[in-house]
Amino acid sequence: MVTSRARGRWAALLLAGLTPVVAELTLGNPPLRQAWLLLLWVPIYGAGTVLIRELVRRTGRGWLAILLLGAAYGIVEEGLALQALTSPTIYGVADWAPRILGLNSAYTELNIPYHAVFSVALPILLVDLTIPDLRHRPYLGRTGLVVAGVVFVLGALLLRWTTAFIDPGYQAPPAVLAAFVLAIAVLAVLALRFTPRPPDVPPAAPRTVPAPPVVACLAGVVAFGYLALLFPFGGARHPAFTQGGWVAVPMVAAALLAVAAAVLLRRWTAHGEWRDRHSLALAGGALVAHTAFGVIANGENTTDRLSLTALGLVMLALLALLARRTR
């Protein structure tokens with residue numbers, strides 16, 4: 001029992017450290033020369049993802065619950081801590097697309113799903129594949145759960161404090177903050193009380209799941225496409241190089257792409273033909289495309305682009321090692 005608890009703590013630390021690397025560093029935000037900034041993000045990213053995993057495992061819920069709580073995490077970070085969902089000045093995101101109900105619409109559409117997938121679901125999936133015998137169990141006891149929650153709150157406060165220097169003078173209206181808190185609460189209740197529990201033995205349905213390389217390619221297309229449709233890059237000031245009302249076109253296209261991917265993934269994972277090698281292909285394809293987009297969109301100079309490319313190659317090597325273990 002002591003050994004099991006120790007392994008659980010190590011698994012939780014691995015997840016906490018991996019999360020900001022997946023969510024930020026492998027996207028080139030920050031560049032490797034500023035990797036020390038991850039120290040500021042480990043408390044909110046790492047503790048937040050550990051907390052989500054613990055709550056989902058303790059309630060016996062599945063990946064839908066993880067994604068819903070990941071969206072709630074995105075609102076905590078982007079809405080309450082950074083307040084970037086409503087700020088008219090931070091990062092220049094208010095100019096990407098028309099503001100809707102005070103929200104920076106394109107930035108919100110980009111970042112809430114991004115956090116659900118890249119800040120929460122994929123790190124959890126990768127650690128589950130790395131330590132498969134603990135995948136269905138909580139990593140921590142009650143004390144660890146409380147500590148994760150406290151560190152998460154402190155991490156959010158730390159991020160809010162540092163954001164005050166990035167976006168000086170801006171404070172979201174109390175009504176907006178209350179709406180964010182309500183949305184977080186609703187998502188948490190839906191995730192932990194109303195999402196279905198995964199079956200112990202999924203029903204068999206042969207010949208309906210693509211081969212892992214196909215899954216990897218499709219995951220890469222979806223990840224790259226979603227980012228490219230919503231994040232202005234290559235000198236563009238609006239998503240997908242649009243102007244005026246045409247910005248609605250890439251925003252709708254990104255939403256349709258996400259829905260189509262969710263439907264396919266739900267169909268593929270609903271039965272016993274989906275294996276760990278498919279899950280790894282899904283994660284690997286999304287991560288490689290995510291880093292490729294970072295090289296294009298976030299590299300400020302040749303050095304940054306080369307260093308991110310090198311990091312991507314290291315990531316590929318680690319994914320290959322994990323693939324050998326998965327087989």
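The legends below describe close-up views of salt bridges and of one pocket in a predicted model.

**View 1. A salt bridge between two loops, R33 to E300.** The search of the whole structure finds seven salt bridges, and in the one shown here the side chains of R33 and E300 meet with an N to O distance of 3.2 Å. R33 belongs to the loop between helix 1 (2-23) and helix 2 (38-59), while E300 belongs to the loop between helix 9 (276-297) and helix 10 (302-326), so the pair ties together parts that are 267 residues apart in sequence. R33 counts as partly exposed, at 45% relative accessibility, whereas E300, at 63%, counts as exposed.

**View 2. A salt bridge between helix 2 and helix 4, R57 to D128.** The closest N and O atoms of R57 and D128 are 2.8 Å apart in this salt bridge. Because R57 lies in helix 2 and D128 in helix 4 (residues 105-130), the pair ties together parts that are 71 residues apart in sequence. Both partners are on the buried side of the 20% limit: R57 has a relative accessibility of 14% and counts as buried, and D128 is likewise buried, with a relative accessible area of 5%. The pair also belongs to a network of salt bridges that links R53, E54, R57 and D128.

**View 3. A salt bridge between a loop and helix 9, R135 to D276.** The side chains of R135 and D276 meet in a salt bridge, with an N to O distance of 2.7 Å. R135 is located in the loop between helix 4 and helix 5 (142-166) and D276 in helix 9, so that parts 141 residues apart in sequence are tied together by the pair. R135 counts as buried, at 18% relative accessibility, whereas D276 is partly exposed, with a relative accessible area of 29%.

**View 4. The second largest pocket and its lining.** This pocket has a volume of about 950 Å³ and is lined by 39 residues, of which E24, N29, W41, Y91 and N298 lie nearest its centre. The elements that give two or more residues to the lining are helix 2, helix 3 (63-81), helix 4, helix 5, helix 9 and helix 10; helix 4 gives the most, with five residues. Sorted by class, the lining of the second largest pocket comprises 23 nonpolar, 10 polar and six charged residues.

Terms used
Residues are numbered from 1 along each chain as its sequence is written. This is a predicted model: local features need pLDDT of at least 70, side-chain atom pairs count only at pLDDT 80 or more; totals for chains, interfaces and linings use all residues. Side-chain values use heavy atoms; hydrogens and water are left out. A salt bridge is a side-chain nitrogen of Lys or Arg within 4 Å of a carboxyl oxygen of Asp or Glu. Helices (H or I, at least four residues) and strands (E, at least two) are DSSP runs, numbered from the N terminus. Buried means under 20% relative accessible area, exposed over 50%, partly exposed in between (1.4 Å probe, protein chains only). On a 1 Å grid over the protein atoms alone, a cavity is a set of points where a 1.4 Å probe fits but cannot get out, and a pocket is an open set with protein on both sides within 12 Å along at least five of seven lines; lining residues have an atom within 4 Å of a point. Grid points are joined across faces, edges and corners, and a volume is the space filled by probe spheres set on the points. Ala, Val, Leu, Ile, Met, Phe, Trp, Tyr, Cys and Pro count as nonpolar, Asp, Glu, Lys and Arg as charged, and the others, Gly among them, as polar.
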